[in-house]
Amino acid sequence: MVYTINPRISMSAHEDTEPVEVEIIPEPEVPDLLPLMPLKNFVLFPQMVAPLVITTEESKKLVKALSTRTPHFIAVLQRRDEIDETRMTKSDIHRVGCVARLIKTLNFPDGSTHILVEGLSRCRLQDLRLEEAYPTAHYEMVEDVQEASIETEALVRNAAERFQQIVTMSPTLPDELAIAIYNMGAPSQLSDLIATNLPIPLEVRQNLLADNHPAQRLGALMEFLNREYQVLKLGNKIQSKVHETFSKSQREIFLREQLKTIQQELGEDDPLAAEIKDLERKLDAAGLPAEAAEKAGKELQRLKAIPPASPEHGVIRTYLDLLAELPWNRSTEDHLDIRAARKILDQDHYGLDKVKERILEYLSVLKLKKDMKGPILCLAGPPGVGKTSLGRSVARALGREFVRMSLGGMHDEAEIRGHRRTYIGAMPGRIVESLRRCGANNPVFMLDEIDKVGKDFRGDPASALLEVLDPEQNSTFNDHYLDVKFDLSKVLFITTANMLDTIPGPLRDRMEVIRIPGYTPEEKLHIAKRHLLPKTIAEHGLKRAQVKFADEALAAIISGYTCEAGVRNLERQLANVCRKVARGFAAGRKQPVVVDARKLKGFLGPVKIEKDVAERKAMPGVVTGLAWTPVGGDILFIEATRMAGKGNLILTGSLGDVMKESARAALSFLRANTTAFKLDEDVIANSDIHIHVPAGATPKDGPSAGVAMALAMLSMLLDRPVRPDLAMTGEITLRGRVLPVGGVKEKVLAAARAGITHIMLPDKNRPDLAEIPPDVKRKLTFKTVGSIDQALRHALKLSEQEKR
């Protein structure tokens, strides 16, 4: 077996081991029968000089015979890694090899033999003999086919040029190869020289040796030449970047050391040392608790040991800056004057008595017990009722800093708890960052739109809020970036939501919910006069003397151009009027503008909201119901009719499952009590009843329409109309009982806005009437019922009164 040493390495590589015998072989003629030397993982090309290591006894015998007989032999690639040279067959070796000449033999003390050989010519084996102590073979010389063409000349030039570039770029190829290529014009010699020195697969080398067409060999080599060129080019580019970066870092370190030495000679302080001292003073003044102080001390020692050029230096410095800037023991002084706080709350907001009372109660207890934990309040109500602005007023009344953080659409838990500092670009959570910015540990912290928190693969922010909004846990809040406990118990958290159903139960349980219903028309009038008008007039560059709104104009805008629980649309309509007034003054108008009800059509166009409930004609099978929505209360009309059929119930109007079940329960109750209500059982059995709730594109659900559906079917079956200004709500059972429902105040306010005058409620909702504003109560009549019988009698009685 023969192993090859790198053919580009000369024999001087073994100068450290003294050879025992050196013999130079003369060059006689080449005989017809030559010894055969199988090579492992190596292909010898013509004109190639290579060192080989002899390991098998057969090959050593062959080398010895070459020293005494002819120096020529055949070098051929074996097909497998391990073969038995005493039983070798033609299938064990390739058919095409290279006639070679032994140049030098070196015997080493360890018993190994190294030889230096030179390839002479391609040959093709004709037979294989195993008669000697080593294999022999007859052969046939393979001559190259000479092709003189423009294509061949172009291949020669391109291959020579590309290989010269590779020699220039490669650290392993000697520069003499570039000179040899430059002086070599024969395609045959050029292809063999390139194949010898280019890193290409073994099978490709054997195929190049077997090919006697130099042009084809050059064409095959161009692919590997271009690939090697691109690899070397990219490698040099990477090496250059690494070297530049390394050199730059070394240069910075060297210059900083020089600067430090110069400053010491001049008696000046090191800027880095001065910065660290300043940071130490800040940390000492921050009043860190024991755990945070220990953590800061460790990180400060690391900061001193790490060079400024290290990326870790900036990470530690940022962390220590956060520790120094957090308000560990900095608090704003509370204004504990209850009367002054009440005055501020009344100045900023009209109504909202429940919220104001709760804030004043908190202030009163805080005045008596300084170390009380802050409550977690949740203001739930429709949009535009002032939930968010109320938080700012509470902060002003308490004399505290105000922080607002929107949770709408938040999906990443790290927004609450921060990132761990092991990540690149890690940041503290928004709660800790907000406290650092406000500079106090007891602000009024508003978490807006808590009902719109999302959840995905990045975590559940609502679960992260469980610790924040729990007074028993938030005194030891642990931000992942901060990695030490921070006390949030002094923070007054106020959350806002439009609806509570989407808030997880454990999170909702931690909050004290205060419901804020919609405003009455009278409340909207006061809000417009006290808050919206001054703000809108100032925002449009007008003066109070230039435009005046009459009360009847404001009332007309509220009733005819807006229909909402809050006041946002009202503010938009006032802005529309002010823009048109501002345009007139910009065009040269001098006289002030008085906006009254008659001029509204010119400013806002025709009336958009028509209260046609009172003018609706009473019809059998049509009943007015009340509904609760996330944006406030609303009224809905329930229509029932029948046609010939088989007793089926048809439900349309985009109804939810609960509402459909209410309709089926109502029909089942009526069919079970046909005698009590004087209904014809055969008519019901041979008819299909269809219940439809208009506004079919709007999804509707809930049990509170049960009474209205039952009365709609009764009105249709008895052919007796129910007056349209009577609205009702309540859940029913199969026994005809009327159960209580929620959202009574919102529903009553919606009924008042729509022009309803009579309202029918369940008996158990009677306590909810105490929350209805007195001015609304005066406009409405209320009737509470406990069963469908009572509801039907009251509805029919009102209808009879209307007829009379």
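Begin the tour by selecting Cys98, a buried residue with a relative accessible area of 0%. The model on display is a predicted one. Now show the sulfur atom of Cys98 together with that of Cys123. The count of disulfides comes to zero; Cys98 takes part in none, and its nearest cysteine sulfur, that of Cys123, is 6.8 Å away. A disulfide requires a pair of cysteine sulfur atoms within 2.5 Å. For a second cysteine, select Cys578, which is likewise buried, with a relative accessible area of 0%.

**The whole chain**

Next, zoom out and display the chain as a cartoon. The chain contains 26 helices and 26 strands. Its radius of gyration is 48 Å, well over the 28 Å that the globule rule gives for 804 residues, so the chain is more spread out than a compact globule. Along the principal axes, the C-alpha atoms fill a box of roughly 145 × 95 × 60 Å.

With the surface switched on, the chain exposes about 40,600 Å². Carbon and sulfur atoms supply 51% of that area. Of the 804 residues, 48% count as buried. Contacts may be considered as well: among those between residues at least 6 apart in sequence, 75% join residues at least 24 apart.

**A salt bridge between loop residues**

How many salt bridges does the structure hold? There are 41, and the following stops visit some of them.

Select Arg80 and Asp92, whose side chains meet in a salt bridge with an N to O distance of 2.8 Å. Both residues lie in the loop between strand S5 (72-77) and strand S6 (96-107), so the pair ties together parts that are 12 residues apart in sequence. Is each partner buried or exposed, or in between? Arg80 counts as partly exposed, at 43% relative accessibility, whereas Asp92 is buried, with a relative accessible area of 8%.

**A salt bridge within one helix**

Move on to helix H7, which covers residues 271-285. Select Lys282 and Asp278 and show their side chains, which meet in a salt bridge at 3.8 Å, N to O. The two residues are four apart in this helix, and about one helical turn separates them. Lys282 is partly exposed, with a relative accessible area of 42%. Asp278 is also partly exposed, with a relative accessible area of 29%.

**A salt bridge between two helices**

Which parts of the chain does the pair of Arg436 and Glu325 link? Select both residues to see their side chains meet in a salt bridge of 3.5 Å, N to O. Arg436 belongs to helix H14 (residues 430-438) and Glu325 to helix H9 (residues 311-325). The pair thus links distant parts of the chain, 111 residues apart. Arg436 counts as partly exposed at 24% relative accessibility, and Glu325 counts as partly exposed at 38%.

**A network of charged side chains**

For the final stop, select Arg342, Asp346, Asp353, Lys356 and Glu357 together. Which kind of interaction links these residues in a network? They are linked by salt bridges. Displaying the side chains of Arg342 and Lys356 alongside those of Asp346, Asp353 and Glu357 brings the members of this network into one view.

Conventions: Residues are numbered from 1 along each chain as its sequence is written. This is a predicted model: local features need pLDDT of at least 70, side-chain atom pairs count only at pLDDT 80 or more; totals for chains, interfaces and linings use all residues. Side-chain values use heavy atoms; hydrogens and water are left out. A salt bridge is a side-chain nitrogen of Lys or Arg within 4 Å of a carboxyl oxygen of Asp or Glu. Buried means under 20% relative accessible area, exposed over 50%, partly exposed in between (1.4 Å probe, protein chains only). The radius of gyration is taken over C-alpha atoms; the globule rule is 2.2 Å times the number of residues to the power 0.38. Contact means heavy atoms within 4.5 Å. Accessible areas come from the Shrake-Rupley method with a 1.4 Å probe; for residues, only the protein chains shown count as cover.
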